[in-house]
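Colleague: I have a predicted model open on my screen and would like a close look at one part of it. Could you pick a helix, walk me through it slowly, and then show me how the rest of the chain fits around that picture?

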Amino acid sequence: MALKIASRFRRLLQRPGSIDLGPYERLTQLVGEAEDSVVDLTDEELTEAVAELRTTGGLHEDEQIEFLALARDAGKRAIGERAFDGQVVGALAMLQGRVVEMATGEGKTLAGAIAAAGYAVGGRKVHVLAVNDYLAKRDAEWMGPVYELLGVTVSHVGQASTPEERREAYQAEVCYVPVSEIGFDVLRDRLVTDVADRVTVEADVALVDEADSVLIDEARVPMVLAGATRNEALDDDVVQLVRTLRAGVDYEIDGDGRTVALTDRGTDKVEQALGERAAEADAEAAEAADDLTDADENNAEETDEADADEADEAVSDDEAVEEVERARFNLYDDENLDRLTQVNVALHAEVLLRKDVDYLVRDGKVSLINNNRGRIAKLQRWPDGLQAAVEAKEAVPVSDSGEILDSITVQALIKRYKSLCGMTGTAVVVGESLQEFYDVEVAVVPPNKPNVRKDDQDRLYLTVDQKNAALVKHIGEVHETGRPILIGTHSVEESEQLSDKLEAAEIDHVVLNAKNDAEEAAIIAEAGVPGTVTVSTQMAGRGTDIRLGGKDETHDKDKALELGGLYVVGTGLHASRRLDDQLRGRAGRQGDPGGSLFFASLADELVTRYSVSSGLRPHPDATGRLTDRKSIGMLEHAQRVADGANAELHRTTWQYNRLTGQQRAILLETREKVLTEDLAADELAERAKERYDELVDEVGEDVVKAAARRIALRHLDRRWTDHLAYLADLREGIHLRSLAGGIVHLKPIDEFNKSAIASFDTLIEDSWKDAAETFADAEITADGLDEESSGIPRPTATWTYLVNDNPFGTEADRILGRLRNAIKPESASESEEILAEEFDEDDLPEELRDADDDEDDLPEELRDADDEDEDRKK
């Protein structure tokens, strides 16, 4: 009842929340009534009954009721699970194109399978988009018997699937596939030169599992298809030089911790070092040249004397050259652009990217860590230069890189589908974004059993050390009772540091992070066993149920229930409240008891990066804990600011990618005509008629048409690759135009679009001109086109990866960051130990000590001073 009232109140205020579930609930009652006529059917009769409902125009309301009654019974027969009313409501909502929010353990997998089968029976092809291979394979196999009983074909695709296996899998009515795999297959299909080489089918229905993670958290991540292998090893001299630079002296980090830039002093130091090394290289080259012109060895004495004289001259020449190099070496000269780029990326890698936080080194490779899940981000990498810098920093072999042939963001991939729906445990919080970017609404399905989990108020401390001390002490106290505990940390590094502290406190535990993700499902499935303490990185194990008493519920489940169920402990708040809710949601499954508690400090990165401290006068107790309204309000405000910043980043990325997507669609329309029709032959016959007729007489029209097609496709792809490279460079510097507009303010996105449109206007026509030039001299025989000798070889190899798009902003962002640092009060980077006694403003963590006394600088919700706090101070 409370959920219904809250939902109606949200709709009254026109705020994102759940749609009205009333119509779905009424239909669910009718499904229950129709089920009586289904239970007596044999399996064969049930399958035939579903077959009679098959149509190509989607299921109407009466047909949906009958189908859901059949599907509900099929679940009971095939896997022993009869869908609850809530699961039927969820399936109905997904069939209507909604994103369904269902709590952990409420049966999203079965609800999604019923919805997918419903679409299939209605004549649609469905891709159930999973977050990884494991879940795609697990769910396809787990729900397989249900689909089989309903007469619906099902398949799955994984990283190891061959092209033929993929082609066959995509032909199934329902295909479970990781988002990255379908994205990469789409990119590869866009470059085929023969229709038979395609593996995917036309995008129809996308049913997204973990919808908030895929549609919001990863929406702006580009998937990349690259070719033309090359190596981008970073100069070791630059790596070693960067390691000698000092924070606050030679370089500065901006307040957000996302950009780093050389100071004037740092620039001088780098230029001097690089100038000296350039001089040494020139001197060595000159000496080598002198050695080649030495006199004949037979005149030993004369040669020795000459060599001595020449050596003296060389020394003086070397000194002169070195002085000149020092004087004239300018890091920002055009000829030194490569050096400047290497210094910048090496500095970013050294200062801003942290091992076991942003990445880890395993099996001689640098692997990125997905910040939202704490798992290894498979196939993901930074832009090539930065990736090479991190690999040089860690002294591992530099991975292959190359030019980008094409790319697509997760959001653009999803927008290809005619229909979109999904399911997750946390959707309302991102309801606004789902409406803005995908035009889908959220349906919150109440749990089958009331949620009785107890969520305690967050505990806030002054410093990180005080927080950690209280955290370990609390874990120890709860562990003594035998209650199972799941601890969520923010990084691999933090999980291992906490593990050390727990070990020192003699608390037995198991660690689950990106370093042992292969055992993920097995570890997390046993987290509900009494006496178990599991340390996990954020959402490691998400998608696997945590049942009290273990996977088979046979290890003291009753004791776990008696002790209060699974206890979730967070070591800090996340940038989004939704991520906190996901972690809390691991406890209290299907009406089980459970509890959660989050620890935080004013020195946590969330607070120091996203909040202000003006006017803050915290009064901790002897343990460093803070309970005053202003301090707690600051924590909540920081999380809201962080959430808003991430939403704005998503919005900005989408704005820049939207035009590119429209241009890609225009190009692909032309490419499709070239691939499937005789457009290339018609164009080249018109532009080079004599050559065309001559070749037709020599090798036949079919051979010429095939050659024309390959030539045209190669030049379209080549021009598009060059256009993408131009857009990447354009976006890197477009913000500088806002500084050069004078009185008239130039919006970077408008300037970007203007330049991008101008660049694309002639792209297709230029491609035809290039194709005509190649066609005039191409090597075409009865065996077809010789691409190599005709000067249009295709990439010898291609590979795919995801790229962490602009992790530190553009070069312009870095320049503006330096300007901001120059006019804002200095802020230290490390916190101090705080004593509760004799506390005053100077006892704040250093990250928060740049406060002034103007309370107007505070967020509005923090301006009301607490009279009790003032009294205590007096």
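Modeller: Happy to. Let's begin with helix α5, where Gly86, Gln87, Val88, Val89, Gly90, Ala91, Leu92, Ala93, Met94 and Leu95 are buried. The helix covers residues 85-95, and 10 of its 11 residues are buried, so the rest of the structure largely encloses it. Just past the end of α5 comes Gly97, with a positive phi of about 80°. Please keep in mind that this is a predicted model.

A useful partner for that view is helix α19, residues 492-504. With 13 residues at 1.5 Å each, α19 should span 18 Å, and its end C-alpha atoms are 18 Å apart, which agrees. The buried residues of α19 are Val492, Glu494, Ser495, Leu498, Ser499 and Leu502. If you look down the axis of α19, these buried residues fall within an arc of 160°, so they line one face of the helix. The face turned away from that buried side carries Asp500 and Ala504, which are exposed. What lies over the buried residues of α19? The cover includes the strands β9 (359-362), β17 (485-489), β18 (510-512) and β19 (533-537), along with helix α18 (464-481).

Next, follow the chain out of α19. Glu506 comes after the helix and sits in the loop between α19 and β18. Its phi is near 60°, a positive value in a residue other than glycine. Glu506 counts as exposed because its relative accessibility is 70%, and the cut-off for exposed is over 50%. Ala395 is another residue to look at for its backbone: its phi is near 55°, again positive in a residue other than glycine. Ala395 lies in the loop between α15 (384-393) and β12 (401-409), and with a relative accessible area of 70% it is exposed.

A loop residue can also be buried, as Ala527 shows. Ala527 is placed in the loop between α20 (520-525) and β19, and its relative accessible area is 0%. Leaving out neighbours within four places in sequence, Ala527 is in contact with Pro484, Thr532, Thr534, Ile546 and Leu566. Ala527 and Lys551 are 24 residues apart in sequence, and their C-alpha atoms are 8.8 Å apart in space.

For a strand, turn to β5, residues 205-209, where five of the five residues are buried. Val205, Leu207 and Asp209 point one way from β5, while Ala206 and Val208 point the other way, and all are buried. β5 has a partner in strand β2 (residues 126-130), which runs parallel to β5 and is joined to it by four bridges. In that pairing, Leu129 stands opposite Val208. β5 also pairs with strand β13 (residues 419-424), in the parallel sense and over five bridges. There, Val205 stands opposite Ser419.

Now for the nonpolar interior. The largest nonpolar core has 101 residues, and those with the most contacts inside it are Phe67, Leu150, Leu215 and Tyr438. Helix α6 (residues 108-121) gives the largest share of this core, 10 residues. Phe67 makes a good place to zoom in: beyond its neighbours within four places in sequence, it is in contact with Val50, Leu53, Leu59, Ile114, Ala117, Gly118, Val121 and Leu150. A second, separate core has 32 residues, among them Phe760, Trp768, Ile780 and Ile792.

One more buried residue is worth finding in your viewer. Thr721 lies in helix α27 (residues 701-733), and it counts as buried because its relative accessibility is 5%, against a cut-off of under 20%. Not counting residues up to four places away in sequence, Thr721 touches Glu403, Ile404 and Leu405.

Finally, step back to the chain as a whole. Its secondary structure comes to 32 helices and 25 strands, and 51% of its 874 residues are buried. Of the contacts with a separation of 6 or more, 76% are between residues 24 or more positions apart. The chain exposes about 40500 Å², of which carbon and sulfur atoms supply 46%.

Terms used: Residues numbered from 1 in each chain as written. Predicted model: local features only at pLDDT ≥ 70, side-chain atom pairs only at ≥ 80, totals over all residues. Heavy atoms only, no water. Core = buried A, V, L, I, M, F, W, Y, C linked by side-chain atoms within 4.5 Å. Buried < 20%, exposed > 50% of the residue type's maximum accessible area, 1.4 Å probe, protein only. Helix = DSSP H or I, 4+ residues; strand = E, 2+ residues; numbered from the N terminus. Contact = heavy atoms within 4.5 Å. Expected span 1.5 Å × (residues − 1). Arc of directions from axis to C-beta. Pairing = 2+ DSSP bridges. Areas by Shrake-Rupley, 256 points an atom, 1.4 Å probe, with all protein chains shown as cover.
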